[in-house]
Amino acid sequence: IFSRRNVPNLVRLGCMLGDNGFDVTKAIGEDLLEFPRVVFTLEEVLHVKDGLDILQSQLRTIERASSGIQSYLFNVSEAIVHAPVLKPLKLIGIGLNYKDHAEEVNLPLPKQPLIFGMYSNAIIGPGQPIVIPPMSTQVDYEAELGVIIGRKARMVPTSAALEYVAGYTMVNDVSARDLQFSDGQWLRAKSFDTFAPMGPCMVTREDLGDADGLGIKMRLNGQTMQNSNTRNMVFKVPDLVSYVSHVMTLEVGDVIATGTPAGVGFVRKPQVFMKPGDTAEIEIAGIGILRNPVTAAD
């Protein structure tokens, strides 16, 4: 999802064609792409029956043709890129889902996924600042693979779970550790505005499959703090989608943040927490880099 810098509040749907962005909203509005309606968000595409498949098929045709599409291309570095999902009905977190993270906090591996809830008010896009709230002095980073749901899912078997996944993104599951430990639970610690940076895009399931075996890193001011692989997840993507769907109905556009690997700040000696002036970067192979500055509250 992106905006032109001269009209930052008007969001549009785009995709990558080679090194350039391609304005999908404009292409549909001007009949270059045949789609049931003009769409401005990913959620609108996913709500159309087979919408993502239709769009992907047409975009592949456009890419092969290559001629006559120059007016629909844009330089991504000159656009404002937003989170791929702006207001999901549910943003679901998974705790203690990496073997190396369980080891570093000296806890046994969970016997079933540990689910907690977050809120869409926390979502920001690439380049937007993570704001340190006045009531916390221990704001930590957590690099996570995000799963975007593409079809309504209820009581889905593990064997069919991937059919309900539209694609993948990255989430920085920011956590106020002092509040987390004083409260004895996670809701307040993860609910502050700006505490769920997401993006920079959604990469489809067609491209990444079950997203197993992807390198995942987190850098703070250029220093690598987390360096793992999604193969270290205790519960894989199909397991998580199936399990959560047996607890609650997953709706189109819902996001599951699949847990974080070892290297979080509060376990380090000395502890490392984000502070104003820092830059937080998450990188997952095949998806890209999610970069956010860190600022103090006004």
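Let's start in the sheet: strands β9 (residues 123–124) and β15 run parallel, and two bridges join them. One contact to look for on screen is Ile 124, whose bridge partner in β15 is Pro 197. Keep in mind as you follow along that this is a predicted model.

β15 has another neighbour, strand β13 (residues 165–172). Here the two strands run antiparallel, and four bridges join them. To find your place in this pairing, look for Met 170, which stands opposite Gly 199 in β15.

How much of β15 is buried? The strand spans residues 196–204, and seven of its nine residues are buried, so β15 is largely enclosed by the rest of the structure. Buried here means a relative accessible area under 20%.

Now let's turn to the surface. Val 7, Leu 10, Val 38 and Phe 40 form a nonpolar patch there, and together they have about 280 Å² of accessible area. Phe 40, one of these four, sits in the loop between α1 (24–29) and α2 (42–47). Is Phe 40 buried or exposed? The answer lies in between: with a relative accessible area of 31%, Phe 40 counts as partly exposed, because that class covers values between 20% and 50%.

Our last stop is Gly 29, which belongs to helix α1. Gly 29 is partly exposed as well, with a relative accessible area of 46%. If you would like a distance to check in your viewer, try Gly 29 and Val 39: these residues are ten apart along the chain, and their C-alpha atoms are separated by 8.6 Å.

Definitions and conventions: Residues are numbered from 1 along each chain as its sequence is written. This is a predicted model: local features need pLDDT of at least 70, side-chain atom pairs count only at pLDDT 80 or more; totals for chains, interfaces and linings use all residues. Side-chain values use heavy atoms; hydrogens and water are left out. Patches are made of residues with over 30% relative accessible area and no salt bridge: like charges are joined within 9 Å, nonpolar side chains (Val, Leu, Ile, Met, Phe, Trp, Tyr) within 5 Å. Accessible areas come from the Shrake-Rupley method with a 1.4 Å probe; for residues, only the protein chains shown count as cover. A salt bridge is a side-chain nitrogen of Lys or Arg within 4 Å of a carboxyl oxygen of Asp or Glu. Buried means under 20% relative accessible area, exposed over 50%, partly exposed in between (1.4 Å probe, protein chains only). Two strands pair if DSSP finds at least two bridges between them.
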